[in-house]
Amino acid sequence: MHIVNIINLLGGLGLFLFGMNYMSKGLSQVAGDKMKSLLERLTRNRFKGFILGVLVTAVIQSSSATTVMLMGFLNAGIMDLAQATGVIIGANIGTTVTAVLIALDVSAIAPICIFIGAAMSLFSKKQKQKYIGQIILGFGILFFGLKYMSGDSAMGVLKTSKVFQGFITTASNPVLGIIIGIIMCAVIQSSSASIGILQVLALQGLMPINFAIYLIIGINVGSAMPLFLSAIGAKTNAKRAALVYFIFDFAGLLIFTPLSLFTPFTDLLTHISSNGSVQVAAGHIIFKIVTAVVLLPFVKQIVKLTEKIIKPVEHESVFRFQYIDKKIHTNDNASISVLQIGSEVERMAKLVRKNYVLACEDLLKGSLENEREIQNNEELINWLNHNISDFMVTITSHRITGEASEYVGKLFHVITDLERIGDHALNILQRNELAQQEKLDFTKDGMEEIKNIYEKSLELFDRSLAAFVNKSLPDEEANELHFLEDTIDSLTLEAQDNHVERLRRKECHTASGVVFTKILQDLERVGDHSYNIAWAARKDKALIRQI
């Protein structure tokens with residue numbers, strides 16, 4: 001094989017990989033968001049998740065991409081590892097569609113697909129039609145690359161190579177075949193492309209199925225390599241998801257290596273068709289289906305195994321994201337990152353609520369028992385505020401549109417309001433500290449007024465946050481929350497008037513009165529910021545009511 005043949009082979013391989021990637025991106029643009037939405041909603045049952053994994057991967061044609069999506073959902077807390085495992089098992093079957101298409105050998109229509117796809121991509125006015133053109137163009141380039149690889153100026157020259165012919169006619173070592181398959185897939189970074197190359201060789205009679213089956217096994221094991229690379233430095237669940245993917249293919253290796261060695265399995269494949277490409281596709285599909293059938297009942301055991309192998313990181317800094325995973329963020333998965341941001345903001349909101357409750361309860365009890373916890377939480381709240389904001393700036397630089405873009409815009413306002421509520425909780429702690437140090441007393445009536453306003457503001461916060469999390473604020477609820485906020489304002493003014501009256505009657509001291517007035521201001525402002533959060537849930541154009 002001369003250098004010219006190698007260059008032609010690499011050129012054909014490049015066309016094949018580009019066509020597959022281009023087609024996959026087009027499919028993701030046309031159906032990707034719908035597929036992600038289905039994954040998010042329909043994976044509670046392992047068997048439904050399995051079917052969904054098959055369908056999603058059949059559409060986007062990448063089991064690795066599906067698994068990366070799942071990593072994002074895992075980190076966002078939308079699903080657990082057991083649910084994701086069913087989808088990963090299904091994804092391994094969905095990825096065989098490319099092999100089926102290659103086995104059907106539709107390369108004759110590749111030129112017309114290239115023409116139609118290019119015309120639609122270049123001249124269509126509607127974006128969706130452009131994406132469909134991208135799918136057709138990628139499909140045509142994929143098969144044109146396959147045809148070019150199999151031509152006499154590339155792989156076809158192997159027919160006359162005595163060295164290659166001598167190797168293939170004697171090749172039977174399963175370990176060698178598996179190693180070659182693993183290396184092949186690790187280098188190309190695509191199991192579909194690697195299987196496609198095998199099909200091209202087999203179609204020309206250059207890859208007998210009794211040796212090709214071991215390369216198929218190795219290719220499937222090697223397909224976990226991209227996921228392991230993406231999981232480096234990622235969160236624990238992302239690493240476990242990559243391990244689940246590897247366990248699937250390694251189980252297939254354990255099943256099919258002895259099956260191919262000691263049973264007439266490869267002879268059965270030859271009876272399916274005399275076409276070598278079909279035999280490779282059939283072997284690949286049977287590998288995936290049989291492994292899936294064997295493993296699907298053992299999802300819980302697989303999850304436990306991954307948890308034993310990959311343990312949670314101990315002594316991790318508290319100043320870190322729990323849901324956002326920057327390692328798996330890509331332009332194609334920006335919408336998943338939006339879900340992760342939402343979960344991280346909910347985490348921030350829970351910390352803010354906790355601090356507000358702790359600060360107010362300590363004030364009402366006249367103690368400082370939660371002082372350290374409040375201060376520690378406040379540091380984390382500030383860290384989350386800055387780092388979530390920075391990550392959202394990164395997200396907005398990618399292509400997100402529609403509701404996702406609007407949602408991110410609202411989140412900028414929400415985290416600002418949350419951070420301000422956290423500041424007011426810290427203010428209440430500091431005013432309580434001052435009261436304890438200076439031995440300032442508040443009247444019983446004053447403390448009752450503080451308690452009443454605090455409880456009303458906490459109710460407003462909880463209902464406002466629920467509205468935002470559910471992305472819904474009906475008019476009736478909006479009116480009730482507006483009434484609640486007005487009630488807080490009225491109670492605050494009333495408490496201030498009562499305080500002035502108590503001062504006039506000399507029932508409290510001026511120093512304690514100053515602290516009391518500032519506490520009332522903090523409680524009232526918490527109500528204002530809570531109401532802002534509720535308005536961020538509105539669907540209309542009156543997006544934010546900033547006070």
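## An all-helix chain, briefly

Of the 547 residues in this chain, 53% are buried. Keep in mind that this is a predicted model. DSSP-wise, you're looking at 22 helices and zero strands. Below is a quick tour: the chain overall, one helix pair, a buried methionine and two lysines with unusual backbone angles.

**Whole chain**

- Take the contacts with a separation of 6 or more: 80% of them join residues that sit 24 or more positions apart.
- The exposed area comes to about 24,900 Å², and carbon and sulfur atoms supply 60% of that.

**Helix 13 against helix 16**

- Helix 13 covers residues 236-262 and helix 16 covers residues 299-309; their axes are 10 Å apart, and the two pack at an angle of about 125°.
- That angle of about 125° is neither over 145 degrees nor within 65 to 115, so the pair counts as oblique.
- As for handedness, the crossing of helix 13 and helix 16 is right-handed.
- On the helix 13 side, the residues that meet the partner are Arg-240, Leu-243, Val-244 and Ile-247, while helix 16 brings Ile-302, Leu-305, Thr-306, Glu-307 and Ile-309.
- Sorted by type, the residues of this contact are six nonpolar, one polar and two charged.

**Met-71, tucked away**

- Met-71 belongs to helix 3, which runs over residues 63-75.
- Is Met-71 buried or exposed? Its relative accessibility is 0%, and since anything under 20% qualifies, Met-71 counts as buried.
- Arg-240 is 169 residues away from Met-71 in sequence, yet the C-alpha to C-alpha distance between them is 9.0 Å.
- Arg-240 is also one of the helix 13 residues that meet helix 16.

**Two lysines with positive phi**

- Lys-471 isn't a glycine, but its phi is positive all the same, at about 55°.
- You'll find Lys-471 in the loop between helix 20 (444-469) and helix 21 (475-504).
- With a relative accessible area of 37%, Lys-471 falls between the 20% and 50% cut-offs, so it is partly exposed.
- Lys-506 is another non-glycine residue with a positive phi, here about 60°.
- The loop that holds Lys-506 links helix 21 and helix 22 (510-535).
- Lys-506 has a relative accessible area of 74%, which is over 50% and therefore makes it exposed.

Methods
Residues numbered from 1 in each chain as written. Predicted model: local features only at pLDDT ≥ 70, side-chain atom pairs only at ≥ 80, totals over all residues. Heavy atoms only, no water. Helix = DSSP H or I, 4+ residues; strand = E, 2+ residues; numbered from the N terminus. Buried < 20%, exposed > 50% of the residue type's maximum accessible area, 1.4 Å probe, protein only. Contact = heavy atoms within 4.5 Å. Areas by Shrake-Rupley, 256 points an atom, 1.4 Å probe, with all protein chains shown as cover. Axes fitted to C-alpha atoms, helices over the stretch in contact; angles between N-to-C directions. Parallel < 35°, antiparallel > 145°, perpendicular 65-115°, else oblique. Left-handed = near helix turned anticlockwise from the far one by under 90°. Nonpolar A, V, L, I, M, F, W, Y, C, P; charged D, E, K, R; others polar.
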